[in-house]
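Grab a viewer and work through these exercises with the model open beside you. Try each task before you read its solution.

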Amino acid sequence: MARGLKLCTQGSVSSQIILSSISGTTLKFTNTNTPFFPRRFSKVIALNCSCSHDISTYTHVFSKRMALAGLNPHHRIALGVSGGPDSMALCVLAAEWKKEGLSSANKETKEFIDGMLAIIVDHGLRAESETEAKVVQNRVLSMGIRCEIAHVDWANGKPKQGHVQEAARAVRYQQFQRICNQYQMNVLIVAHHADDQAELFILRLSRNSGVLGLAGMAFTSQVFNTNLNYIVGGSNSILLVRPLLEFTKDDMYKICQGANQEWVEDPTNQSQVYVRNRIRKSLTNISSSIFKRELETVISACGRTRMYVDQFCHYLIKEAVTITTHGYAVVDLEILNSMKINNLCLSKFVTLLLKFISQRHRPVRGSALKQVMDYVRTYPCKTSFTAAGCYLCAAPGSKGTKVLVCLSKNCALPSEMQLLYKDSCEGQKCHTCSEVEQLVEHVESHSDRMIVNASEVPFLNATSSTELLNEAKRLGMLTESTHKAIISLQDDEIERFVSKSAKVPEFESETEALNAVSTSLANSLHSNQIGYYMNRFLLQWKLTKNFPVDAYSLEKDGQGQGSGETVHQYYCKCCLVRPDMELEVRHMIDADWLYLAELLKCHNGKDFLDKQLLDMGLCKETESVNTCSEFVRSSAERALLSLKSIPVAARRGLPVLVHPQGLLLSIPSIDFKHCPSLEISAIWKPRTPLEGGRCSYF
């Protein structure tokens with residue numbers, strides 16, 4: 001959100017993308033003191049334009065880009081709005097596109113445009129931010145767009161100096177996602193444009209990114225929900241669209257001027273403390289249209305390269321990878337080694353696979369990545385390997401022709417468990433994911449037709465940014481002068497970056513930014529509560545009333561409210577599970593299947609269980625419970641048979657429920673439970689899919 005509400009206009013500007021002539025403007029400035037402005041802003045300049053800009057060319061290009069994303073005016077879309085010229089231009093174009101596509105009756109009778117919602121995030125980092133958000137909200141409302149303000153409370157404290165922009169960006173996308181979920185919006189469009197793409201290219205160049213990172217921001221990308229309600233019962237993703245990537249910053253000003261729309265300029269954008277601001281100023285100083293055009297050409301070529309790599313990895317995953325519902329993968333090395341896979345494609349393939357199995361959000365890089373690539377190229381596989389929280393070894397029975405990829409025994413597990421109370425998702429109106437899937441398929445169909453083979457991809461063999469720039473010069477994408485200018489910008493920022501003692505993390509995608517936000521963790525689970533364990537299993541347990549006769553029962557008044565109705569609460573005498581109990585959740589360990597083996601070997605199940613309970617101080621009664629003791633023995637027998645199909649190395653990824661005193665109660669993935677009246681479900685539902693969501697860079 002802008003500081004000080006400085007309203008500005010832009011002088012004569014030109015666009016390299018939109019080839020249209022736009023006449024000059026006559027600008028009139030007056031001092032304004034509206035009810036929305038506090039006294040401290042009494043000298044704010046308001047813009048009253050007598051403009052003759054024709055924005056029809058922009059609206060036409062915008063409509064084509066929305067159609068390319070599979071969107072039409074009848075889709076429900078949300079807009080990310082800050083109040084600056086970029087987001088206000090986005091509101092202008094989106095509103096025109098929507099109104100043009102809706103019926104005339106709809107346009108005349110409705111106060112607000114159907115199926116459109118603007119989202120303003122008040123980061124709360126400055127005292128005046130709330131007032132500023134309301135000012136922008138009123139402007140958006142006056143355009144006929146519903147508008148919601150999301151306030152950030154920074155429960156864990158505001159970000160420290162040097163981390164403000166990254167933290168604000170992460171929480172901003174989290175708020176975008178939350179509001180989209182709340183209002184059943186499947187699509188979020190944001191106002192990133194060509195100048196933003198150029199800044200990101202130089203930034204990542206200075207951080208030694210490869211061609212995949214230099215492709216910049218995707219035209220469309222799938223962002224997966226962190227809201228557990230939607231993991232349980234609704235859409236698991238939203239589609240993020242950037243329809244303005246062909247437009248320049250100058251175009252943003254022209255659109256606002258042509259629509260007589262006010263905007264705010266954030267004075268912090270001039271601060272040289274922030275890396276993007278420094279790069280922006282350096283790029284502005286290079287006013288050559290040739291430089292801008294050539295830089296856009298290289299970024300576009302990086303995008304085509306990334307599209308090819310993504311398509312090839314999609315093919316490899318489909319042909320060579322088997323994912324099990326127990327959370328591990330098997331890779332067919334015979335298929336991989338029958339192809340001559342480029343280093344860039346193979347590195348992306350193994351990165352996707354390891355991130356999926358570990359459900360972590362930082363990819364494997366550097367020497368570790370090279371070692372993993374060398375490992376999967378070794379055929380047949382004869383050794384084991386650990387990397388990025390994953391354990392790789394020859395799959396049992398494959399004689400080294402297949403590799404097992406599972407959680408490493410010694411790795412720190414991802415977020416142990418997040419809790420979701422069942423009542424919190426009941427009665428909610430959740431949209432389905434079919435619409436998002438259809439939109440993703442629509443964009444993919446266009447992408448698949450754009451790149452046919454590797455010969456059309458320019459930077460597949462570039463192993464460094466230096467090689468990439470040299471190859472671009474060799475191919476005629478860059479002239480000598482542009483090449484030198486880019487190298488100079490890169491060197492300047494590298495020098496600043498290396499000299500900094502604290503390095504600020506740069507998130508490469510919205511999904512990484514969203515998942516970087518901390519979440520509350522828990523290790524125990526109540527009856528009828530839903531737990532999301534290790535970002536991959538939905539867990540729930542309860543006790544049923546079809547109980548063996550020799551179980552205990554406790555009677556109390558219905559709901560404890562004196563209703564006169566007697567409610568029976570049952571628990572088992574053998575394992576002492578009660579409805580009000582918290583069961584511990586952890587991953588499976590060696591002692592668990594050894595315990596199952598001992599249960600099976602024991603001829604007298606009752607004596608064995610009595611000893612286990614006595615050792616834990618749980619055996620309060622001496623009467624036998626033959627039904628439970630026989631049940632747990634037969635359950636252990638079935639579970640051990642199921643375990644034979646799961647490699648030993650992969651068993652660590654299975655969830656286990658344990659009594660507070662340590663007694664193993666259930667391993668739901670292999671259908672083991674201690675009591676016939678204990679109902680437990682474990683549904684395999686990883687937060688992020690194997691490919692991390694499909695993106696399009698055309």
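**Exercise 1.** Work out how the axes of helix α13 (residues 343-358) and helix α14 (residues 366-377) are arranged, and which residues meet.

*Solution.* Step one: get the elements, where helices (H or I, at least four residues) and strands (E, at least two) are DSSP runs, numbered from the N terminus. Step two: fit lines to C-alpha atoms, for helices over the stretch in contact, and take angles from 0 to 180 degrees between N-to-C directions. The two axes come within 10 Å and cross at roughly 100 degrees. That makes α13 roughly perpendicular to α14 (angles under 35 degrees count as roughly parallel, over 145 as roughly antiparallel, 65 to 115 as roughly perpendicular and the rest as oblique). Step three: list the contacts, meaning heavy atoms within 4.5 Å. On the α13 side you'll find Asn343, Leu346, Ser347, Val350, Thr351 and Leu354, and they meet Leu369, Val372, Met373, Val376 and Arg377 of α14. Step four: sort the residues of this contact, which gives 7 nonpolar, 3 polar and 1 charged (Ala, Val, Leu, Ile, Met, Phe, Trp, Tyr, Cys and Pro count as nonpolar, Asp, Glu, Lys and Arg as charged, and the others, Gly among them, as polar).

A word on the ground rules: this is a predicted model, so local features need pLDDT of at least 70 and side-chain atom pairs pLDDT 80 or more, while totals for chains, interfaces and linings use all residues. Residues are numbered from 1 along each chain as its sequence is written, and side-chain values use heavy atoms, with hydrogens and water left out.

**Exercise 2.** Find the buried residues of helix α19 (residues 590-601) and say where around the axis they sit.

*Solution.* Start with burial: buried means under 20% relative accessible area, exposed over 50%, partly exposed in between (1.4 Å probe, protein chains only). In α19, the buried residues are Asp592, Trp593, Tyr595, Leu596 and Leu599. Next, take the directions from the helix axis to the C-beta atoms. The buried residues cover an arc of only 145 degrees, which puts them on the same side of α19.

**Exercise 3.** Track down some backbone oddities at Pro380 and Asn260.

*Solution.* First, the baseline: most residues other than glycine have a negative phi, and most peptide bonds are trans. Now check omega: a cis peptide bond joins Tyr379 and Pro380, at about -5 degrees. Pro380 sits in the loop between α14 and β11 (385-387). Then check phi: Asn260 is not a glycine, yet its phi is positive, about 55 degrees. Asn260 belongs to the loop between α9 (249-258) and α10 (275-285), and is partly exposed, with a relative accessible area of 43%.

Terms used
The expected span of a helix is 1.5 Å times one less than its number of residues.
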